[in-house]
Protein chains: 2
Amino acid sequence: MMCSGVYKELLAKNKKAVEPGEFPIAAVALDHPHIYGMVSALVAAGATLRWIYDSDYEKAAAMAAQYPGAKAARSEAEVLEDPRIALVASAAIPAQRCALGLRVMAAGKDYFTDKAPMTSLKQLDQVREAVSRTGRKYMVYYSERLHSESGVHAGELVRDGAIGKVIQVMGLGPHRLNADTRPPWFFDRAQYGGILCDIGSHQIEQFLYYTGSQDAQITAAQIGNLAHPQYPELEDFGDAMLLGDKGATGYFRVDWFTPDGLRTWGDGRTLIVGTEGYIELRKYIDVGTGQEGDVVILVDGIRERKYSVRGRIGYPFFGQLILDCLNRTEYAMTQRHALKAAELCLRAEAAARRIKLS
Amino acid sequence: MMCSGVYKELLAKNKKAVEPGEFPIAAVALDHPHIYGMVSALVAAGATLRWIYDSDYEKAAAMAAQYPGAKAARSEAEVLEDPRIALVASAAIPAQRCALGLRVMAAGKDYFTDKAPMTSLKQLDQVREAVSRTGRKYMVYYSERLHSESGVHAGELVRDGAIGKVIQVMGLGPHRLNADTRPPWFFDRAQYGGILCDIGSHQIEQFLYYTGSQDAQITAAQIGNLAHPQYPELEDFGDAMLLGDKGATGYFRVDWFTPDGLRTWGDGRTLIVGTEGYIELRKYIDVGTGQEGDVVILVDGIRERKYSVRGRIGYPFFGQLILDCLNRTEYAMTQRHALKAAELCLRAEAAARRIKLS
């Protein structure tokens with residue numbers, strides 16, 4: 001079993017975690033385009049894509065055409081019954097992610113789902129029970145940290161003590177609605193799970209990670225449909241406050257109000273305040289400048305620094321996940337952490353006060 | 001009586017609101033250096049400083065030396081008994097601001113106090129009663145909007161509909177502690193009133209102003225001494241969520257954690273999200289760049305803009321206040337607004353959950 005330092009070294013060098021064929025995976029349920037990011041990152045880290053299944057065969061075939069050696073399956077069973085497959089990646093409709101994961105784990109495979117990983121506390125109970133019973137992983141693509149070089153880098157800075165002890169993590173997660181391009185389930189509360197569950201999940205995961213919290217309370221939460229009466233079940237705004245088990249606090253706002261004039265889908269920010277300094281991430285754009293995202297601002301006792309980490313950090317999570325699956329370790333992310341973040345999203349959504357503009 | 005349009009035109013041209021001698025003022029109680037900003041802004045707008053009183057005569061004399069025609073008084077009564085004086089500006093110890101204001105209003109003069117304008121709900125009741133009985137003004141120097149060109153400009157943008165209907169106002173108010181330069185009352189909770197009352201007052205005033213709220217609920221509030229055990233009564237962190245009477249929401253964080261490496265006292269930000277765009281103010285610094293503050297970012301349906309308003313907007317509040325005092329109008333700020341912001345600060349502080357790091 002390799003130690004995490006070795007994992008990091010491996011992946012910092014953009015080495016693959018395994019040789020071709022050593023870690024065969026499948027993609028099942030392509031409902032959200034995140035599946036393309038999930039699979040490409042796993043393949044870049046050494047995984048070999050063998051099967052793709054979606055209820056829309058043409059969609060699966062189109063993806064298969066991009067990966068030599070990958071084949072569109074005629075049924076989910078064809079994938080789950082293939083003993084070579086180690087892990088199934090999936091971006092199903094959120095409300096269906098749990099059921100698929102239970103089938104994947106029952107088939108003896110690890111599961112890697114898009115966020116949010118589930119939409120109800122009952123599903124969470126089922127997942128925890130199945131994880132415990134089968135020993136399989138139910139991992140989650142919290143992409144706004146795992147697939148963000150500035151997000152990864154902030155974790156390194158915090159771990160290295162660059163800003164002292166973390167006091168607060170604040171996350172801003174505005175998204176562009178692009179209503180015309182969204183499938184019907186996107187506007188159906190029962191299917192997408194609510195805004196705090198859906199795009200809020202990134203924020204809660206980051207809060208737990210950067211503060212090193214094992215658990216947290218939701219101290220306030222709000223959701224609302226403030227300006228989209230044509231989509232009555234859309235929650236276009238949500239925010240929440242968290243209090244971690246070590247006293248660090250969190251606040252995040254998520255919304256579907258990115259204006260058309262922004263050059264990208266959202267001006268996502270992460271602000272981490274520590275006892276000795278602070279970090280700001282301008283994750284996807286440095287708004288009002290020519291710069292793209294992954295801009296890091298670090299202010300400490302000595303000076304202000306502003307720099308880009310684009311192309312300099314990579315995405316170590318994916319190779320670590322492959323090695324974790326092979327070695328049954330938890331360096332990429334613990335199962336407890338992945339599901340605690342999910343739990344808090346569901347609790348936030350359940351506790352949320354509904355607001356509206358008058 | 002002039003209309004507000006005329007006030008604005010006057011002041012945009014940096015004309016004085018009145019001729020020399022038409023609006024004589026005094027400064028009483030110089031405990032916080034904000035008094036220098038208050039007086040200089042009033043004088044720039046046309047006021048004539050006649051008297052300065054402080055229990056430390058030398059301090060008053062030093063200030064008087066900067067203003068031709070101003071004189072250090074031997075007693076507070078010497079100021080309050082001078083019938084020429086129209087307004088008394090003051091930056092007393094916060095817990096003493098109310099008592100001084102009551103004496104000023106009883107003497108038939110308007111009062112202009114540093115924020116926070118009081119430290120208890122009982123004082124607030126006294127102020128409201130005295131305002132109603134005497135007809136005098138108890139105005140407040142909420143400097144982070146009134147004495148900030150970007151803060152003023154954001155109000156113009158919102159009023160002009162640049163971002164549609166305001167959904168949320170978020171304020172970040174980090175401050176440098178500079179503990180060695182602070183007087184003892186700064187560390188005495190009963191005297192400064194708590195962090196949400198003190199520096200939180202700027203944030204709550206801005207929330208009410210930019211959202212056009214007449215009232216608000218405090219939906220969450222926290223305070224704590226997270227890293228300064230040597231000052232047990234200092235609250236070095238506070239945050240709160242507000243819900244305005246028209247459904248707009250607010251969040252702010254205030255703290256005393258500005259690291260020494262920052263080029264100024266605090267990386268204050270205001271973020272205003274509207275249905276059609278958003279505004280970010282980098283009020284005192286554009287961190288990590290060579291730029292000073294008053295940087296405005298405006299993103300709407302058409303484009304991203306980033307520009308500086310330093311030296312281009314001025315501070316219309318002060319001339320408007322002078323004219324309001326002379327004409328008994330409320331264009332600079334309504335009495336109701338000034339005291340509603342104060343009330344919400346006190347309610348936030350009273351409702352706050354105490355947090356600590358473990």
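**Close-ups of the salt bridges and the A–B contact**

**View 1. One helical turn, one salt bridge: B:Arg133 pairs with B:Glu129, their closest N and O atoms sitting 2.7 Å apart.** A salt bridge here is a side-chain nitrogen of Lys or Arg within 4 Å of a carboxyl oxygen of Asp or Glu. This is a predicted model, so local features need pLDDT of at least 70 and side-chain atom pairs count only at pLDDT 80 or more, while totals for chains, interfaces and linings use all residues. Side-chain values use heavy atoms, with hydrogens and water left out; residues are numbered from 1 along each chain as its sequence is written, and chains are lettered from A and ligands numbered from 1 in the order in which they are written. Both partners belong to helix H6 (residues 121–134) of chain B, four residues apart, or about one turn of the helix. Helices (H or I, at least four residues) and strands (E, at least two) are DSSP runs, numbered from the N terminus. B:Arg133 is exposed at 57% relative accessibility, and B:Glu129 is partly exposed at 41%. The cut-offs: buried is under 20% relative accessible area, exposed is over 50%, and partly exposed is in between (1.4 Å probe, protein chains only).

**View 2. Two helices get tied together by B:Glu76 and B:Arg103 of chain B.** The closest N and O atoms of this salt bridge are 2.5 Å apart. B:Glu76 comes from helix H4 (residues 76–80) and B:Arg103 from helix H5 (residues 94–106), so the pair links parts 27 residues apart in sequence. B:Glu76 is buried at 16% relative accessible area, whereas B:Arg103 is partly exposed at 39%.

**View 3. Here's a loop-to-loop salt bridge, B:Arg263 with B:Glu292, its closest N and O atoms 3.8 Å apart.** B:Arg263 sits in the loop between strand S10 (249–255) and strand S11 (269–274) of chain B, and B:Glu292 in the loop between strand S12 (277–282) and strand S13 (295–299), so the pair ties together parts 29 residues apart in sequence. Both ends are partly exposed: B:Arg263 at 41% and B:Glu292 at 44%.

**View 4. Zooming in on the interface, B:Glu280 reaches A:Arg269 in a salt bridge with closest N and O atoms 2.5 Å apart.** Four salt bridges turn up across the interface of chain B and chain A, and a search of the whole structure finds 54 over all chains. The interface also has 22 residue pairs in polar contact, both residues at pLDDT 80 or more. A polar contact is a pair of N or O atoms within 3.5 Å; within protein, one must be able to donate a hydrogen and the other to accept it, and residues adjacent in sequence count only if both atoms are side-chain atoms. On chain B's side, strand S7 (residues 166–174) gives the largest share, five residues.

**View 5. Pulling back a little, 57 residues from chain B meet 57 residues from chain A.** Contact means heavy atoms within 4.5 Å. The area buried between the chains is about 4,500 Å², with carbon and sulfur atoms giving 61%; buried area is the accessible area (1.4 Å probe) that two parts lose on being put together, summed over both. B:Met241, B:Glu304 and B:Leu357 supply 14% of what chain B buries against chain A, more than any other three residues.
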